[in-house]
Amino acid sequence: MTRKIILQAASAVALFAACTLIYYFWAATQQKTDSTGYATDPATEYLVTQYADASGQQGTFYTITAEDTLIVIDGGWAQNADAVRKVIKKYGGTVNAWIISHPHRDHAGAFNQICADPDGITVEQIYDNGFDYDFIESVGEPYDDITVMEEYYALTKDAENVTHLKRGDVFSACGLTFSVLNAYDDIVLSNVGGEKDYQNNASLLLRVDSAHSSMLFCSDIKYDMNDVLLSEYADAVSCDYVQTGHHGNWSFSEEFYRATGASVFFFDAPSEITDTPDFPACALKEYFQAEGKAVFTFDTAPNSVTLK
């Protein structure tokens, strides 16, 4: 009897050990090393990934992923729709939250394509910058085609799963907290300069917080809003990672970016922009590098960091 009990106990221990090894092997296969060298645990952490645009131009497409979580930010040009579809279907075909910073061609073009023809993709919630369609249509854009805005409006105006965000809003999605520091409103209208670039300057400034990390998405906000945002949100912009405004061009000041205290900065553009002195992004990139910051561009995409 004693021998039988010993054998049973030994078998139980062996089974436990085997299960433990299987679990740790499974956990190791689930981890993904981000672009800083950190191994992300999808059970407790979120991977933020930046993708290049299939058009070869500047554009914005990010995902935030974890176990059973997929959040999409923008999506890039219409030519990028197939690439966005592949990423979404890789994660199961359901987007828990799709955030459109503003409906310009290099941000909402792919969304429009997928929204018009989902092909098995489900989008649970959509968030945008609360733009005034009638106003933007009446004043136009200084240099941008408003067709994508018109398409976006037609596709979403009657949708029940769309939330038009406002400055000061705070919402939760998939365990993350999103704070809206900029959106379309009278503050933007009163600060936009001679170019009347309303949509870029009214794009979302989002702070995303997990338990121990944060990231600032500056969308396409330009220098017009620098002073008012820095004055109003000097403390709120403090974070670990930053997506630079307007692809790094004609964007926030060095003072604004210093206030973030971030260690990693993303430029949503190829080297033709980030390494060409004709573009302000080149000087801004060199500034960050001289300060010892990590800089990611389309040249090394997909690039990723971890919200811990």
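## A walk through the chain

The structure holds zero disulfides. The model is predicted, and each stop below is something to select in the viewer.

**Cysteines.** Start with Cys-174 and Cys-282. Cys-174 has a relative accessible area of 28%, so it is partly exposed. Cys-282 has 7%, under the 20% limit, and therefore counts as buried.

**Whole chain.** Now select everything. There are 308 residues, of which 51% count as buried. The secondary structure consists of 11 helices and 18 strands. Among contacts with a separation of 6 or more, 66% join residues 24 or more positions apart. About 13900 Å² of the chain is exposed, and carbon and sulfur atoms supply 52% of that area.

**Helix α11.** Select residues 280-290, which form helix α11. Which residues of this helix are buried? They are Ala-281, Cys-282, Leu-284, Lys-285, Tyr-287 and Phe-288. The spacing in that list can be read against helix geometry. An α-helix has 3.6 residues a turn, so residues three or four places apart point the same way.

To see what lies over these buried residues, add α9 (254-260), β16 (264-266), α10 and β17 (294-296) to the selection; the cover of α11 includes these elements. Then step just past the end of α11 to Gly-292, where phi is positive, at about 80 degrees.

**Thr-274.** Go back along the chain to helix α10, residues 271-274, which contains Thr-274. Is Thr-274 buried or exposed? Its relative accessibility is 0%, so Thr-274 counts as buried. Show its contacts next. Leaving out residues up to four places away in sequence, Thr-274 touches Phe-267, Ala-269, Ala-281, Cys-282, Lys-285 and Thr-297. Ala-281, Cys-282 and Lys-285 in that set are also among the buried residues of α11, and α10 is one of the elements that cover them.

**Second largest pocket.** The last stop is a pocket. Rolling a probe the size of a water molecule over the atoms shows where empty space is left. The second largest pocket holds about 230 Å³ of space. It is lined by 16 residues, and those closest to its centre are Gln-58, Arg-105, Asp-106, Tyr-143 and Asp-144. Select these five to centre the view on the pocket. Colour the lining by class: five residues are nonpolar, seven are polar and four are charged.

Definitions and conventions: Residues numbered from 1 in each chain as written. Predicted model: local features only at pLDDT ≥ 70, side-chain atom pairs only at ≥ 80, totals over all residues. Heavy atoms only, no water. 1 Å grid on protein atoms, 1.4 Å probe; cavity = no way out; pocket = protein on both sides within 12 Å on 5 of 7 lines; lining within 4 Å. Points joined across faces, edges and corners; volume = space filled by probe spheres on them. Nonpolar A, V, L, I, M, F, W, Y, C, P; charged D, E, K, R; others polar. Helix = DSSP H or I, 4+ residues; strand = E, 2+ residues; numbered from the N terminus. Buried < 20%, exposed > 50% of the residue type's maximum accessible area, 1.4 Å probe, protein only. Contact = heavy atoms within 4.5 Å. Areas by Shrake-Rupley, 256 points an atom, 1.4 Å probe, with all protein chains shown as cover. Disulfide = S-S within 2.5 Å.
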